[in-house]
Amino acid sequence: MDDTQLAAIVDAIVRELKASGAVKSAGSDSAAPASVSSASFSTSASVVPVQARVATSAAGLTIDLPDPTLDQFRYMPRVKNPKDPNGVKALIESTTARIGVGRAGPRYNTASLLLFQGDHAVTQDALYRDVDQNLLNEFNLFTVQTKITGGKQEYLLRPDLGRSLSDDAKRTINEKCQKNVNVQLCVGDGLSAAAIEANLRQIFPVIKQGVQQAGLTFGTPFFIKYARVGVMNDIGELIKPDVVILLIGERPGLGRAESMSAYMGYKPKYGDTDADRDVVCNIFENGGTNPLEGGAFVVQIAQKMRKHQASGVKLKTAS
Ligand code: B12
């Protein structure tokens, strides 16, 4: 690429950023002039607008692409010259799997690659982001932490530490929580903050009201940062509830980050394993277990656990 082409690209980008309001012209707040000096332009990643933009071209060069994650592009058949175009379309519509994406020689085409990278970014964001504090405040959830002290990186590398509450957490729970309740509800970030943000507003009231309407005591709910499922044992030991319900973010899939699980156990204690637990999984709207229904189901299971005084495999064999 020669200097003239390069300058044309830079000029076009500057013009577009100015037009979108992301950067301002020196001495003028108006829309971008026809020619902009790229020498005076300084950039930083944070000023680039995140909204989808239409393709623009400068000097015959396309410098931008439409958002590949929009449904119309995500589900666009990309197989060249298919024998049965309607068949390809029908197949694509029948599944969320990435099919009918075509290829460029032995490789993915650019559109598929960009979609894959966009979806991967959603996954990474869900995993590395913290749950919105405003949401936790809405439900008066105080926060305690597991034994993870080195952030998400350590959380990913040390699942064992995510299964134990820190000493501080134990103290706080002892101070703030009602003990010996029938049902103890906890919320954990797990592997997806987005999952908690997508479902908590709907599921929390259903569980709380369901438990209370069944005449059961609902313990003091709280939020656990850097939580793994096994942390339920510590909660059981500290609070001595009949049933612990832990709402937790599931491992996100590509572009699918809002899926939450409710893991449950009857009188969890040190040494309990997943064989002693039950899970209502894939809780999310539009395709999963709807959070309102999920909440009602969780309450039913809690009642069943109390009735049979068991959970996990023991509950299966008892009922
Ligand atoms: C990762 C995973 C596993 C891993 C867990 C390893 C690990 N250390 O992370 C492995 C491969 C071991 C596994 C095994 C099983 N899994 Co699994 N697993 C998942 C997956 C993909 C993600 C779970 C997640 O994100 N958890 C949240 C994070 C934060 O939890 P964590 O503390 O890091 O990890 C714990 C949980 O993942 C838990 N767990 C994982 N699977 C299961 C299943 C049950 C029934 C229980 C109680 C707990 C449990 O084990 C981990 C260690 O405590 C989900 C899919 C989904 N949509 O949720 C399926 C899923 C939860 N698993 C499922 C099943 C059926 C099983 C098995 C029973 C399969 C089998 N027939 O052997 C076993 C049982 C596990 C056990 N220990 O007893 C089903 C549960 C369906 C249901 N409602 O009962 C799911 C929903 C997949 C599916 N759609 O079918 N699983």
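**Exercise 1. What percentage of the 319 residues in the chain do buried residues make up?**

Solution. In this predicted model, buried residues account for 31% of the chain. The chain holds 11 helices and 8 strands. Among contacts with a separation of 6 or more, 67% join residues 24 or more positions apart.

**Exercise 2. State over which residues pLDDT stays under 50, and how the chain scores on average.**

Solution. The average pLDDT of the chain is 86, and 84% of the residues score at least 70. Over residues 26-55 the value stays under 50. For that segment the model has 32 contacts beyond four places in sequence. Where pLDDT is low, the predicted coordinates should not be read in detail.

**Exercise 3. Find the buried residues of H10 and decide how they are arranged about the helix axis.**

Solution. Step 1: helix H10 covers residues 291-308, which is 18 residues. From first C-alpha to last, H10 reaches 25 Å, close to the 26 Å expected at 1.5 Å a residue.

Step 2: the buried residues of H10 are Pro-291, Gly-294, Gly-295, Val-298, Val-299, Ala-302 and Met-305. Viewed down the axis of H10, these residues fall within an arc of 140°, so they line one face of the helix. An α-helix has 3.6 residues a turn, so residues three or four places apart point the same way.

Step 3: the cover over the buried residues of H10 includes strands S4 (183-188), S6 (243-249), S7 (260-266) and S8 (277-283), as well as helices H8 (193-213) and H11 (312-318). Just after H10, Gln-309 has a positive phi of about 50°.

**Exercise 4. How many of the 8 residues of H9 are buried, and what do they pack against?**

Solution. Helix H9 (residues 232-239) is mostly covered, with 6 of its 8 residues buried. They are Met-232, Asn-233, Asp-234, Ile-235, Gly-236 and Ile-239. Their packing partners are helix H7 (167-176) and the strands S4, S6 and S7. Lys-240 follows H9 and has a positive phi, near 55°.

**Exercise 5. Describe the shell around the ligand by class and by source.**

Solution. The shell has 7 nonpolar, 5 polar and 6 charged residues. Strand S8 supplies the largest share, 5 residues. Of the 18 residues around the ligand, those that come nearest are Gly-190, Arg-228, Val-229, Arg-251 and Asp-274.

**Exercise 6. Place Lys-267 and Asn-286, then classify their exposure.**

Solution. Lys-267 is in the loop between S7 and S8. Its phi is near 40°, a positive value in a residue other than glycine. Lys-267 counts as partly exposed because it has 18 C-beta neighbours inside 10 Å, below the 20 needed for a buried residue.

Asn-286 is in the loop between S8 and H10. Asn-286 is not a glycine either, yet its phi is positive at about 60°. With 6 other C-beta atoms within 10 Å, Asn-286 is exposed.

**Exercise 7. Are Gln-124 and Glu-93 buried or exposed, and how far in space is each from its sequence-distant partner?**

Solution. Gln-124 belongs to helix H4 (residues 110-128). Gln-124 has 12 C-beta neighbours inside 10 Å and therefore counts as exposed, the limit being 12 or fewer. Gln-124 and Ala-257 are 133 residues apart in sequence, with 9.2 Å between their C-alpha atoms.

Glu-93 belongs to helix H3 (residues 85-93). Its 10 C-beta neighbours inside 10 Å make Glu-93 exposed. Between the C-alpha atoms of Glu-93 and Tyr-75, 18 residues apart along the chain, the separation is 7.4 Å.

Key:
Residues numbered from 1 in each chain as written. Predicted model: local features only at pLDDT ≥ 70, side-chain atom pairs only at ≥ 80, totals over all residues. pLDDT = per-residue confidence, 0-100. Contact = placed C-beta atoms within 7 Å. Helix = DSSP H or I, 4+ residues; strand = E, 2+ residues; numbered from the N terminus. Expected span 1.5 Å × (residues − 1). Arc of directions from axis to C-beta. Near = placed C-beta within 6 Å. Nonpolar A, V, L, I, M, F, W, Y, C, P; charged D, E, K, R; others polar.
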